[in-house]
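Work through the exercises below with the sequence and the model at hand. Each task is followed by a solution in steps.

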Amino acid sequence: LLALIYFLSCKSQQDNGDTGKLKYGFSKISNKIWYYDSVIDSLDAGSFEILDEHYCKDKNQVFYHRTYRESSDYFLSKKHNIANLSGADAPSFVSLGYGYAKDKTHAWLNGASFEVSDVQSLNALDPWFSKDKDHVYLQSKKVSNIHGNSFERINSYFAKDDRHYYYIAQDPSEYKINVIDCDYGSCEIMDNSYSKDHRKVFYRGDLMKDADPATFQLINAPYSKDHQHIFFEKLAIAKADPLTFELFPENEASSGDTYYAKDKDHIFVNDVIFSGADASSFKILDEKYCLDKNGVYFKMKKLKGADPSSFKVYPHYIGDADAEDNKHKYGDGKVVE
């Protein structure tokens, strides 16, 4: 019923030349502010101002609004919510972007207030970091021992202030910022994972004990090398030969869990030597399956009875099987009866 009233009101007011639709689901109709299909009676339409996709205000109040989806309905339908920010000072309230805002006394993130050292100098750097002249804040928590005034993001994974370089670890649910124990004056950021100075090499902020910075170079993630070693992430691969080491082109289709490489003597899966594999006939079928003249392998384990001459992998799952030979179908390395 509210939706019908809202629709008819919109049509009537638009026919009469009134304001109508605004941004982010708001409308102004007959000197009332609507948020989607609900009227917000407490808002003063004359002073109403939309600050960004999250904040709006009038002369007396500030509101946080959002559109979201819930897993309970499989993210199929959009839902909307708007809430009055108790304690926010409307005249001084401004948006900083990325869900951040401030007024004369408080900082705000996604509708919740948090304390900062100097609210006047507060700026948002991205959805995760903000800073004032004294400190850096990861979401709404102060990060100790970082100079806010000189702090800057280098890229999505690295940052620095006037004393240190930092690696920003991006876990699925949170970010962590770690000091890199490098020489500040000679530090070089090589890509999203590797950095070095004139004495050391680092992988995601951790020291690579065996790496020589003078000869260190990237191959292709997650492999690198120096004049003596091949590295997988931060660890040296035993017995890998830097002169003949190369990656298989099939890695381009990897989801990031399994990589294949070889040198003059070995086949490697990630950082492990694939013992027993015949290099001259070795063939990659996908991340899980490979074969050589002697057999078929699933995660480096030989499939008993599988025929390499007729074995093939389906590009997508078909029923319970993802591979077959002339005798069987296979799902995750097991015969499907």
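**Exercise 1.** Place Ser-121 among the strands and state how exposed Ser-121 is.

Solution. Step 1: Ser-121 sits in the loop that runs between strand E12 (112–114) and strand E13 (123–124); strands are DSSP runs of E with at least two residues, helices runs of H or I with at least four, both numbered from the N terminus. The model is predicted, so local features need pLDDT of at least 70 and side-chain atom pairs pLDDT 80 or more, while totals for chains, interfaces and linings use all residues. Residues are numbered from 1 along each chain as its sequence is written, and side-chain values use heavy atoms, without hydrogens and water.

Step 2: Ser-121 counts as partly exposed because its relative accessible area is 23% (buried is under 20%, exposed over 50%, partly exposed in between, with a 1.4 Å probe and protein chains only).

**Exercise 2.** Which residues does Ser-121 touch, leaving out those up to four places away in sequence?

Solution. Step 1: apply the contact criterion, heavy atoms within 4.5 Å. Step 2: the partners of Ser-121 are Lys-102, Lys-131, Asp-132 and Lys-133. Step 3: for a separate distance, take Asn-149, 28 residues from Ser-121 along the chain; their C-alpha atoms are 9.1 Å apart.

**Exercise 3.** Describe the largest pocket by volume and lining.

Solution. Step 1: the volume is about 250 Å³. Step 2: 15 residues line this pocket, and Tyr-167, Ser-193, Tyr-203, Arg-204 and Ala-221 are the closest to its centre. A pocket is an open set of points on a 1 Å grid over the protein atoms alone, where a 1.4 Å probe fits, with protein on both sides within 12 Å along at least five of seven lines; lining residues have an atom within 4 Å of a point. Step 3: strand E19 (residues 165–170) contributes most to the lining of the largest pocket, with three residues. Step 4: by class, the lining holds eight nonpolar, four polar and three charged residues (Ala, Val, Leu, Ile, Met, Phe, Trp, Tyr, Cys and Pro are nonpolar, Asp, Glu, Lys and Arg charged, the others polar, Gly among them).

**Exercise 4.** What is the radius of gyration of the chain, and what would a compact globule of 337 residues have?

Solution. Step 1: the globule rule, 2.2 Å times the number of residues to the power 0.38, gives a value near 20 Å. Step 2: the chain has 29 Å, taken over C-alpha atoms. Step 3: along the principal axes, the C-alpha atoms fill a box of roughly 80 × 60 × 30 Å.

Note on methods. Points joined across faces, edges and corners; volume = space filled by probe spheres on them.
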